[in-house]
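Have the sequence and the 3D view ready, and take your time turning the picture around. We'll start with a single residue and work outwards to the way the chains fit together.

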Number of protein chains: 2
Amino acid sequence: MNSTIQNQLNHRSIRKFKDIPLTPDQINLLVDVARHTSTSSFMQSYSILSITDPEKKAKVAQIGNQNYIAECGHLFIMLADQHRNQLIAEEQDTDTEVLGSFDRFFVAATDAILAAQNIMIAAEAMGLGAVFLGSILNQVDQLIEIFNLPEHVVPVLGIAIGHPDQAPQLKPRLPRDIMHFENTYPKLENVCEALKDYDAIVHEYYDLRDANNRVDAFTTQIAKGMTRKHPGRMQLLKFYQGQGFIKY
Amino acid sequence: MNSTIQNQLNHRSIRKFKDIPLTPDQINLLVDVARHTSTSSFMQSYSILSITDPEKKAKVAQIGNQNYIAECGHLFIMLADQHRNQLIAEEQDTDTEVLGSFDRFFVAATDAILAAQNIMIAAEAMGLGAVFLGSILNQVDQLIEIFNLPEHVVPVLGIAIGHPDQAPQLKPRLPRDIMHFENTYPKLENVCEALKDYDAIVHEYYDLRDANNRVDAFTTQIAKGMTRKHPGRMQLLKFYQGQGFIKY
């Protein structure tokens, strides 16, 4: 098996970093990898923000309630961006009403998210570690203000990158047969029973990681997750719509 | 530079495949790579459909209006999937109302899209070629029926994979300075003028690729793209909402 796939199968999210910033060459290389990601209809409807200002990094860490964001070697925020394309079209007197459709938001978000995974792979190939930050979605209204995002630009995912200062265990994933199907979606029944062995594996993983901390099984975590309703996340659609996206 | 990053910088979408199906081992390895992708809050809110039935493949090709879909060595459809998690929670008498939020759709879609890029990288590392199929979103209502997708499951991206039967040129991407910003989103002005050199490069790329076909500059393509409104794509939000997603 080649080293690329070996690394992919060994992916760990890194949440503790040494105090070493990424070099400009490293940052440029990661952006270049992102630039070469596939993009819907060649529209390149995304942009990347590098957050180097310590105050802004601290603010993102506070919004995400994750201190390690402030301590990472480099912080990227991936943006779904139709603003550049809007200006290009308007300079040619072309109507841009379509940017209000869900479709044009979703292709832009997809571009940004595919590029994010490409950055993750490249960072790991460079011997760095990284973690995706969905937590930046906790208060999108605040990020829009902090980063001065114009109409048709929204943050979709953060990436904290750096020199790893931890070596976490590989986290056990759902068995293949409950998430990979052929030709038709099967009728799922008694899922908790079907996941009994997996639950035991997840329980053991947490037990080994930290005997004093959460030792939930997978199915228990899923049920608990349904009751978490972060107020800012419950308004995400409204914040995206405020930027001119998803009107229909 | 290591081979992983070299491959990433040399990414080409492949749209012509030899008549060789992927082996079960290859498919399982690609699914295993997907399984090891980062996932929001460890919820694993996505699934993967393998389309091996020639009739169903042909139907997807027809919906996407892309014949090469029917001719690829393997076809994956990435699903944003909260159905499995819904069942897990319901079996524990937990309310799942939150699944109607945009947030819970978006984390599921993000899981699926990150995993899609991981599959792309792995396929290329295996010497295969692939192309993402945004075109599966043209008629999501039909895919829901064909694949029997339950509530809280929607297709978000297709991947056609196979043994490459073409060697396309590297497609020139937007220059770094117009898509990578630091700390704040800049005020963009005269974008077409700023992209004049890039437009010339894109024009030359198309000219070399096919002298008889489209020789648009990038900015012209963007303007034309604003006027394309595929009827099915303009209803994408409605179809996703019909599956129980994005009610607020």
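In which helix of chain A does Gln26(A) lie? Look for helix H2, which covers residues 24–35 of chain A, and you'll find Gln26(A) there. Keep in mind as you go that this is a predicted model. Is Gln26(A) buried or exposed? Its relative accessibility is 18%, and because the cut-off for buried is under 20%, Gln26(A) counts as buried. Its side chain has a polar partner too: one of its polar atoms sits 2.9 Å from the backbone nitrogen of Thr23(A). If you skip the neighbours within four places in sequence, Gln26(A) is in contact with Met126(A) and Leu128(A).

Now hop over to chain B and find Leu137(B). This residue belongs to a loop, the one between strand E3 (129–133) and helix H7 (140–146) of chain B. Even so, Leu137(B) counts as buried, with a relative accessibility of 3%. What is Leu137(B) in contact with, leaving aside its neighbours within four places in sequence? From chain B there are Pro155(B), Val156(B), Gly232(B), Arg233(B), Leu236(B) and Tyr240(B), and from chain A there is Phe106(A). For a sense of scale, try Asp53(B): it is 84 residues away from Leu137(B) along the chain, and their C-alpha atoms are separated by 20 Å.

Next, a whole helix. Helix H10 of chain A runs over residues 218–227, and seven of its ten residues are buried, so we can call it mostly covered. The buried ones are Phe218(A), Thr219(A), Gln221(A), Ile222(A), Ala223(A), Gly225(A) and Met226(A). What do these buried residues pack against? Within chain A they meet helix H8 (191–194) and helix H9 (196–209), and from chain B they meet helix H5 (83–91) and H6.

That brings us to the contact between the chains. How many residues does each chain put in? Chain B gives 123 residues and chain A gives 123 residues. Between them the two chains bury about 10400 Å², with 62% of that on carbon and sulfur atoms. On the chain B side, Phe42(B), Tyr185(B) and Met226(B) lose the most area to chain A, together 8% of what that side buries.

Charges and polar atoms take part as well. Six salt bridges are found across the interface of chain B and chain A. One to look up joins Arg176(B) and Asp32(A), whose closest N and O atoms are 2.9 Å apart. There are also 63 residue pairs in polar contact across this interface. Helix H6 of chain B (residues 102–125) supplies the largest share of the side that touches chain A, with 17 residues.

What about cysteines? Cys192(A) is buried at 18% relative accessibility, and Cys72(B) is buried at 5%. Yet a search of the whole structure turns up zero disulfides over all chains.

Finally, step back and compare the two chains. Chain B can be laid on chain A by a turn of 180° and a shift of 0.0 Å along the axis, with an RMSD of 0.0 Å. The two copies are therefore related as by a two-fold rotation axis. The same surface serves both copies, since 100% of the contact residues of chain B recur in chain A.

Notes. Residues are numbered from 1 along each chain as its sequence is written. Chains are lettered from A and ligands numbered from 1 in the order in which they are written. This is a predicted model: local features need pLDDT of at least 70, side-chain atom pairs count only at pLDDT 80 or more; totals for chains, interfaces and linings use all residues. Side-chain values use heavy atoms; hydrogens and water are left out. Copies are superposed by least squares on the C-alpha atoms of residues with pLDDT of at least 70 in both. Contact means heavy atoms within 4.5 Å. A disulfide is a pair of cysteine sulfur atoms within 2.5 Å. Buried means under 20% relative accessible area, exposed over 50%, partly exposed in between (1.4 Å probe, protein chains only). Buried area is the accessible area (1.4 Å probe) that two parts lose on being put together, summed over both. A salt bridge is a side-chain nitrogen of Lys or Arg within 4 Å of a carboxyl oxygen of Asp or Glu. A polar contact is a pair of N or O atoms within 3.5 Å; within protein, one must be able to donate a hydrogen and the other to accept it, and residues adjacent in sequence count only if both atoms are side-chain atoms. Helices (H or I, at least four residues) and strands (E, at least two) are DSSP runs, numbered from the N terminus.
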